[in-house]
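Ready for some practice in reading a protein model? Try each task by yourself, then follow the solution step by step.

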Amino acid sequence: MKPLIIALALILATPLPAYAHPRPPRDLRQLAQQTGIKIGSAVDIAALRAESDYRKVLNREFSHVTAENAMKWESVEPQRGTFTWADADTLVDNARRNHQQVRGHTLVWHNQLPAWLTTGVADGTIGNAELRSILRDHITTQVRRYKGKIRAWDVVNEVVEEDGTMRQSIWLTHLGPGYIADAFRWARRADPHAKLFINDYNLEWNAPKIETTLALIKDLQAQGVPIDGAGFQGHLGIQYDYPGDWANVMRRFAGLGLEVAVTELDVRMELPVTPEKLATQAQYYSRALTDCLSVKACHELTVWGYTDRHSWVPGWFEGQGSACLLDESLAPKPAYQSLLAVKSPR
Ligand code: XIL
């Protein structure tokens, strides 16, 4: 009897290591609480409105949200001077009711621009000076509208090419390289408390893109431009190696005094789905979370849609799919379980 009691007393007296939580998290919201990072999802507004199961799971699991499309320029100003905020408002209102923080996505991009803007620039009816004031008004109007309601804005998205040159977007070719500094300054003026991010894909591993983006940020900082964070989209695929250096890359950006975030994580695969592929996918998801947790400045991990029912992947990558944490019927996949199992070093 006695040795048993002693053994029991020893077990009870042994302090838990700092990272060990008595109970494994029951869902992503609890995981976010326990690890201290924000876990988010991109949101399909039509689904949020029409599908009660989609809404329920989104609001149960996620403490951070990004509009997948609803805050892009073509969504908010489809005709010049005609603003359509209903979808973006729906996201922001739902977030407030469900204690979710919001990432604003995105102010300056070369895609999903309204036709009036691209054609006006192409046919010369919108000159460069006018284009600059259109951009300033767009940023000011949108950021002001959600002032105090957006934790972080993706101010500029995908401004660097794969080869490390600056993207030849209409912004660069018509306004010159200063458009980036201008965009951050206008955004800061419109909402001084929102964190202002630069966001890009393949920034997890692509050396020329990484070096140019770091140099760009240093240059902006030297000019006193307000920039607070760097977002790594994180569109991964299991047919490619996991970007094994990602945590180090995050640390380099953090070394400039920036917050870093995983802003659009998904892990696609060539179809058909097999249990082996799902197991590999699960490792990619848990490694991404582990990498974020290993970098003190990483405060957010957002997935680009949480269910295969609403994922951009099948429409954009032929023959690929199943990129999300939950399947079409909202059942958790191994990737979901693998996130809950990640041990936080924090
Ligand atoms: C994608 C959306 O998911 C699609 O619905 C839309 O048709 C195209 O854009 N990088 C980004 C996101 O910054 O805005 C993109 O979202 C995916 C790639």
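Below are five exercises on this model, each with a worked solution.

A note before starting: this is a predicted model, in which local features need pLDDT of at least 70 and side-chain atom pairs count only at pLDDT 80 or more, while totals for chains, interfaces and linings use all residues. Residues are numbered from 1 along each chain as its sequence is written, and side-chain values use heavy atoms, with hydrogens and water left out.

**Exercise 1. Find out which residues come nearest to the ligand, and what kinds of residue surround the ligand.**

Step 1: A residue is near a molecule if one of its heavy atoms lies within 4 Å of it. There are 14 residues around the ligand, and Glu-68, Lys-72, His-105, Glu-264 and Trp-304 come nearest.

Step 2: Sort the shell by type: 4 residues are nonpolar, 6 polar and 4 charged. Here Ala, Val, Leu, Ile, Met, Phe, Trp, Tyr, Cys and Pro count as nonpolar, Asp, Glu, Lys and Arg as charged, and the others, Gly among them, as polar.

**Exercise 2. Look for polar side-chain atoms beside oxygen atoms of the ligand, then say how much of the ligand the protein covers.**

Step 1: Glu-68 has a polar side-chain atom 2.5 Å from a ligand oxygen. For Lys-72 the distance from such an atom to a ligand oxygen is 2.7 Å, and for Glu-264 it is 2.8 Å.

Step 2: On its own the ligand has 410 Å² of accessible area, and the protein covers 87% of that (Shrake-Rupley method with a 1.4 Å probe).

**Exercise 3. Describe the setting of Thr-302.**

Step 1: Thr-302 belongs to strand β9, residues 298-303. Strands (E, at least two residues) and helices (H or I, at least four) are DSSP runs, numbered from the N terminus.

Step 2: Is Thr-302 buried or exposed? Its relative accessible area is 0%, so Thr-302 is buried. The cut-offs are under 20% for buried and over 50% for exposed, with partly exposed in between (1.4 Å probe, protein chains only).

Step 3: The side chains of Thr-302 and Glu-300 are joined by a polar contact of 2.7 Å. Such a contact is a pair of N or O atoms within 3.5 Å; within protein, one must be able to donate a hydrogen and the other to accept it, and residues adjacent in sequence count only if both atoms are side-chain atoms.

**Exercise 4. Locate two cis peptide bonds and two residues with a positive phi that are not glycine.**

Step 1: Most residues other than glycine have a negative phi, and most peptide bonds are trans.

Step 2: The bond from His-105 to Thr-106 is cis, with omega near 0°, and Thr-106 is in strand β3 (residues 101-108). The bond from Leu-271 to Pro-272 is also cis, with omega near 5°; Pro-272 is in the loop between β8 (259-270) and α13 (275-294).

Step 3: Gln-112 has a positive phi of about 50° and lies in the loop between β3 and α7 (115-122). Gln-112 is partly exposed, at 25% relative accessibility.

Step 4: Ser-322 has a positive phi of about 50° in the loop between β10 (320-321) and α15 (334-340). With a relative accessible area of 12%, Ser-322 is buried.

**Exercise 5. How many residues apart along the chain are Ser-311 and Val-43?**

Step 1: Ser-311 sits in the loop between β9 and α14 (313-316), and Ser-311 is buried at 18% relative accessible area.

Step 2: Ser-311 and Val-43 are 268 residues apart along the chain, while their C-alpha atoms are separated by 9.9 Å.
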